[in-house]
Amino acid sequence: MAPINNSLPAALSEFLLICFPGYQSWQHWLSLPLSLLFLLAMAANATLLLTIRLETSLHEPMYYLLSLLSLLDIVLCLTVIPKVLAIFWFDLKAISFSACFLQMFIMNSFLPMESCTFMIMAYDRYVAICHPLRYPSIITDQFVVKASVFIIARNALISAPVPILSSKLHYCGRNIIENCICANLSVSRLSCDNFTFNRLYQFVAGWTLLGSDLILIFISYTFILRAVLRIKAEGAAAKALSTCGSHFILILFFSTILLVVVLTNVARKRVPMDILILLNVLHHLIPPALNPIVYGVRTKEIKQGIQKLLKRKV
């Protein structure tokens with residue numbers, strides 16, 4: 001009777017996340033600013049959500065969309081940053097397959113959800129400035145509900161195949177992910193199978209979702225700018241632009257951070273791996289921390305609502 005062949009490697013059951021392979025000695029120092037940014041993001045978004053919830057004057061479609069953006073930011077932060085800090089503080093590098101692919105799904109779907117929310121907000125500002133008389137009949141609470149369903153359904157359904165394809169690969173060799181997060185390509189590279197289709201699908205889906213949103217945002221602001229330039233009343237143009245200021249700053253910041261991450265990944269042979277890892281972590285942390293602050297500082301109604309909320313606490 002022939003002996004049983006035990007030379008085939010056994011399937012793996014978990015991954016190990018190795019943050020900053022070349023600079024693990026300064027992880028504890030890096031954890032301090034990351035934890036402070038994380039607390040800031042959680043506190044700022046929670047304050048914004050509570051303010052919009054309690055202040056009746058903020059019960060309008062534009063602020064409902066802002067609430068959705070804050071919820072997406074909170075989920076993204078909670079999905080990525082606590083695990084990163086656990087690795088830094090307690091050396092908890094192990095992550096189960098199910099937790100890893102769930103994190104991958106949330107990251108791949110919620111970032112396009114944010115982009116899509118910015119697109120809907122740009123349309124909101126377009127209607128408010130270019131068709132102000134029709135604004136109350138177009139941008140209604142029902143519109144926000146339909147837009148929210150569209151944002152969640154479109155991006156979740158199109159992004160779902162990314163972790164599904166990755167989970168179907170056969171992992172039989174290395175289980176060390178040289179990253180702080182379960183990024184699709186970082187995980188797929190560990191498989192024993194060909195993951196070309198997985199990589200191609202993520203590339204096409206990502207650029208289709210984010211690219212279409214950015215194009216529509218650009219078109220909306222082109223129409224807004226053209227309408228503002230036609231306004232002849234003194235101070236009216238500045239007032240119209242000020243209503244878009246916060247939104248435009250957030251879009252610009254989100255797009256800039258995303259562009260930096262994309263370009264550095266394209267030039268990964270020229271950029272140190274640790275820089276790429278740090279940029280990926282910060283991309284899930286800095287926008288959530290700054291989004292509510294920008295709106296809170298630049299929007300008079302929200303600023304007044306926060307002041308009222310603080311007075312209630314006192």
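1. A residue is called buried when its relative accessible area is under 20%, exposed when that area is over 50%, and partly exposed in between. With these cut-offs in mind, Y123 counts as partly exposed, because its relative accessible area is 32%. The structure discussed in this note is a predicted model, and the points below move from its aromatic rings to its nonpolar cores, one of its helices, and its charged pairs.

2. Y123 also takes part in a ring pair, and a search of the whole structure finds 12 aromatic pairs. The rings of Y123 and F143 have centres 5.9 Å apart, while their planes stand at 35° to each other, so this pair is described as tilted. Since Y123 belongs to helix 3 (residues 97–130) and F143 to helix 5 (residues 141–159), the pair ties together parts of the chain that are 20 residues apart in sequence. Elsewhere among the aromatic residues, ring pairs join F15, F97, F101 and Y171 into a cluster.

3. Which residues have the most contacts inside the largest nonpolar core? They are L66, F118, I120, I217, Y221 and I302, in a core that has 44 residues. The elements that contribute two or more residues to this core are helix 1 (27–54), helix 2 (61–90), helix 3, helix 5, helix 8 (196–230), helix 9 (236–266) and helix 11 (286–298). Helix 3 gives the most to this core, with 12 residues.

4. I302, one of the residues with the most contacts inside that core, can be looked at individually. When its neighbours within four places in sequence are left aside, I302 is in contact with L48, T51, L58, Y63, L66, Y295 and G296. A second core, separate from the one just described, has 38 residues and includes C19, I81, L85 and L169.

5. Helix 5, which holds F143 of the tilted pair, has 19 residues and reaches 27 Å from its first C-alpha to its last, close to the 27 Å expected at 1.5 Å a residue. Its buried residues are F143, V144, A147, S148, I151, R154, N155, A156 and S159, a list in which the student will find the names of charged and polar residues as well as nonpolar ones. These buried residues of helix 5 pack against helix 2, helix 3, helix 4 (135–138), helix 6 (161–167) and helix 8.

6. Helix 2 offers a further example of a buried position, for T79 lies in this helix and counts as buried at 15% relative accessibility. Apart from neighbours within four places in sequence, T79 is in contact with Q103 and I106.

7. Side chains of opposite charge can pair when their charged atoms come close. In this model the count comes to four salt bridges, and one of them is formed by K308 with E55, whose closest N and O atoms are 3.4 Å apart. This pair links distant parts of the chain, with K308 in helix 12 (residues 300–313) and E55 in the loop between helix 1 and helix 2, 253 residues apart. The C-alpha atoms of E55 and K308 are separated by 8.4 Å.

8. Are the two partners of this salt bridge, K308 and E55, buried or partly exposed? K308 is partly exposed, with a relative accessible area of 42%, whereas E55 counts as buried at 9% relative accessibility. Not counting residues up to four places away in sequence, E55 touches G305, K308 and R312, and a polar contact of 3.2 Å also joins the side chains of E55 and S57.

9. Another salt bridge joins R125 and D124, whose side chains meet at 2.7 Å, taken from N to O. Both partners fall under the 20% cut-off for burial, since R125 has a relative accessible area of 9% and D124 one of 1%.

10. D91 forms a salt bridge with K93, and the closest N and O atoms of this pair are 3.4 Å apart. D91 lies in the loop between helix 2 and strand 2 (94–96), where it counts as partly exposed at 49% relative accessibility. Most residues other than glycine have a negative phi. The phi of D91, however, is near 60°, a positive value in a residue other than glycine, and a reader checking the backbone of this predicted model may find D91 a useful residue to look at.

Terms used:
Residues are numbered from 1 along each chain as its sequence is written. This is a predicted model: local features need pLDDT of at least 70, side-chain atom pairs count only at pLDDT 80 or more; totals for chains, interfaces and linings use all residues. Side-chain values use heavy atoms; hydrogens and water are left out. Rings of Phe, Tyr and Trp (its six-membered ring) pair if their centres lie within 6.5 Å; planes under 30 degrees apart count as stacked, over 60 as edge-to-face and the rest as tilted. Helices (H or I, at least four residues) and strands (E, at least two) are DSSP runs, numbered from the N terminus. Buried means under 20% relative accessible area, exposed over 50%, partly exposed in between (1.4 Å probe, protein chains only). A nonpolar core is a set of buried Ala, Val, Leu, Ile, Met, Phe, Trp, Tyr and Cys residues joined through side-chain atoms within 4.5 Å. Contact means heavy atoms within 4.5 Å. The expected span of a helix is 1.5 Å times one less than its number of residues. A polar contact is a pair of N or O atoms within 3.5 Å; within protein, one must be able to donate a hydrogen and the other to accept it, and residues adjacent in sequence count only if both atoms are side-chain atoms.
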